[in-house]
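Please look over the sequence and the model below. A short report on the fold follows.

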Amino acid sequence: MADSAAAAEAAQPATVGQAVIPLVNRLQDIMARLDGDAAAGVELPQVAAIGGQSSGKSSVLEALVGRDFLPRGPEICTRRPLVLQLVRHSAPEEWGEFLHAPGRRFHDFEHIKREIQSETDKEAGGNKGVSEKQIRLKIFSPNVIDITLVDLPGITRVPIGDQPSDIESRIRTMIMQYIKYPSCIILAVSPANADLANSDALQLARLGDPDGSRTIGVITKLDIMDRGTDARNFLLGNVIPLKLGYVGIVNRSQEDINFNRSIKDALAFEEKFFSTLPAYHGLSQCCGVPQLAKKLNMILLKHITDMLPGLKYRINAQLVAVAKEHAAYGDAAESTAGQGVKLLNILGKYCEAFSSMVEGKNKVSTDQLSGGARIHYIFQSIFVKSLEEVDPCKNISDEDIRTSIQNSGGPKGAMFLPEVPFEILVRRQIGRLLDPSLQCAKFIYDELVKISHGCLTSELQKYPILKRRMGESVSNFLRDGLRPAETMITHIIEMEMDYINTSHSSFVGGSKVVELAKHEGLPLRGPTSLSAHKDGIAISSEMQLKSSIENNIQFKSERGQKSRAVFARDATRGATAEQGFQPDTDAGTSAAGGGQKGNSLIGGSLSNMPGPRVLNSLYSMIRLREPPITLKPSENKTDQDRTEIAIVKLLVKSYYDIVRKSIEDAVPKAIMHFLVNHTKRELHNVLIRKLYRENLLDEMLRETDEVLIRRQRIQETLQVLEQAHRTLEEFPLEAEKVEKGYSLSEYTTGLPKLAGLGNRSLS
């Protein structure tokens, strides 16, 4: 029966305390290999010892270990954070290991002390300097309890040696970097011979742990308090209450250290001290180093079990993020075949991303328009809208129209309003559409360049030479596609200018435009309301227009002239800048013998004309002025002039609207065909033809030093996180194990039995 019970007991799995804390120690070793940025999101459960300078923090740690291994002295000794992992094992030997010296065991604790001092001087200097870089020490012993503590520099106010003038604020900031996280248990060490209300440790602990749910108070130097005083009220929490309570400690004095008094003797003295003083009777649960070890272990165990779910989640989330980044960097290809495959993959992904952005199939942004949506905006909201806002007669003055009408008549003058002025003016207005059409093509080209720059940016960031060459190839290809688009646009405009199709169904011409022009040209005859239609201009009040036509249009086509005209006009009107001739009135009268009243020389009838000699004499007295260099139409407009001007303007507007609608449709089609869609179809082939060359693979796929270093760090981080994930999977989370906790029934004080030292409980 005894053997079976022993076997059953041996078969029982380790309790949570025996399994969880060592695994946390392993996890801390794993995460310590990460740099600050990678480890920033993962805060592991730990215990941080804080306090003022010479408050006894180092003595507490040495008492928990049971060995003298920390640098000691009257001035500041802890100048770098020391992460101390205590690992309990069954072997009788004890040793220490430093993370910066893997595989090396320090069996002599004096060597451990010298190694700590050496590493401190190496990083912080030899003249009392302070550094934030950690020293990680692991101590294996059968006489310790599994626990991890961080010994932080003590708070000092007056700088000494190489310490900066703001040494106090720097140390406080360093301490807050540890204790601000909810995963950290705070061991606030305060001397009993000082006012607890002014304790630096408790003040900082209150900043990092406002509700006091993770702060343990440690009262040191109880043996040197003034006579007649004791720390009972401190330990009971009557002065400054803490949820986790206080533990009183009796440290070794500097004299004990100088005379090499052992930890064993110090623990024996401490036990005797508490058992002999009546003030501490009944406080066995909060007196002595063994009770502190037990309390710390139990609190840390509960803290770890509470933190595990969140810790797993954070590590898993970081593992996914790092794995994704590692996949983005990929592996460095070495063989030519591998490099070729990688280049083809990059080119294929790039062209696919380009087409997706143009077609709007990529990740849709909710902040602003992008990709093909910007192209559509340029076509509809910039190009089309700008053309619709243009007044086709804005740059055509009435004087231009009258001048063109008179010039088209030649030396005989036009009997009808000719078509030539309309064609000249409408061609000029159509020509104005060329510049905005070419600008539209240039805008689309710029958008395609922007799209090309936004494709596969993270992938190409690793290969600066490939990125530059791809950018050059894409820009040249887009530029080559812009030229035929511009040529086609130019041809479209020229086609519209070369053939003026007045037979278009939407063109407003003939009698309809005449009626409208007469109505607009004769405002004194009564107002007429006009209504604009999409294909022309309609007129109300038809009777009034017919009356205007009958009263003002004088047809002179009796001889059957076949000139191209809209309606008949008065051809006797001439230029008014200078009159053709001016007869001398007096001379003309005397030559005619006094003349006849009311009859001019030229206006008289042929029967009344004088004889040849008299006529020759008369003409010799007419003085002709030289024609001016610049001739312009008369400034005085007749009703017929106004009507003709209105007709030409209406014709220009009507035909311009037809052409504008055609251009609004044809130009975007030309740009999409020759530039956008052509780029989507041929970009992949062009990039392969330009870049896929075996002699260029090494050069184009050469990564920068920063990328190589970053890839190496990501690989290391990924390995660490994967190892941490596997370690977390080993944590025993069964409810029955959590209830058992860390069994310390063998040692009632919580500290393993030391040779020659009793472990009786205080009553």
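This report covers the sheet, the helices packed on it, and the cysteines.

**The sheet**

The model is predicted. It contains an open sheet of eight strands with mixed pairing. The strand order is β3-β4-β2-β5-β1-β6-β7-β8. The edge strands are β3 (95–98) and β8 (246–248), and each of them pairs on one side only. From one strand to the next, the twist averages 25°.

Three strand pairs show how the sheet is put together. Each row gives the sense, the bridges and one pair of opposite residues.

| Strand pair | Sense | Bridges | Opposite residues |
|---|---|---|---|
| β2 and β4 | parallel | seven | L82 and I135 |
| β3 and β4 | antiparallel | four | G96 and I139 |
| β7 and β8 | parallel | three | V218 and V247 |

Strand β4 thus appears in two rows: it runs parallel to β2 and antiparallel to β3. On the β8 side, the partner is β7, residues 215–220.

**Strand β4**

How many residues of β4 are buried? Seven of its seven residues are. In a regular strand the side chains alternate between the two faces of the sheet. Both faces of β4 are covered. On one side sit I135, L137, I139 and S141, all buried. On the other side sit R136, K138 and F140, and these are buried too. I135 also stands opposite L82, while I139 stands opposite G96.

**Helices on the sheet**

Which strands does helix α4 touch? Helix α4 (residues 57–65) packs on the sheet and touches β1 (46–51), β2 (82–88), β4 (135–141), β5 (147–151), β6 (184–191) and β7. The direction of α4 makes about 160° with that of β5. Helix α6 (residues 167–179) lies across β1, β5 and β6. Helix α6 runs at about 155° to β1. Strands β1, β5 and β6 are therefore listed for α4 and for α6 under the contact cut-off of 4.5 Å.

**Cysteines**

A disulfide is a covalent bond between the sulfur atoms of two cysteines. How many disulfides does the model have? The count is zero. C287 is in no disulfide. Its nearest cysteine sulfur belongs to C286, 4.6 Å away. The cut-off is 2.5 Å, so this pair does not count.

Is C287 buried or exposed? C287 is buried, with a relative accessible area of 5%. C440 is buried as well, at 3%. Both values fall under the 20% cut-off, so both cysteines are classed as buried.

Key. Residues numbered from 1 in each chain as written. Predicted model: local features only at pLDDT ≥ 70, side-chain atom pairs only at ≥ 80, totals over all residues. Heavy atoms only, no water. Pairing = 2+ DSSP bridges. Axes fitted to C-alpha atoms, helices over the stretch in contact; angles between N-to-C directions. Buried < 20%, exposed > 50% of the residue type's maximum accessible area, 1.4 Å probe, protein only.
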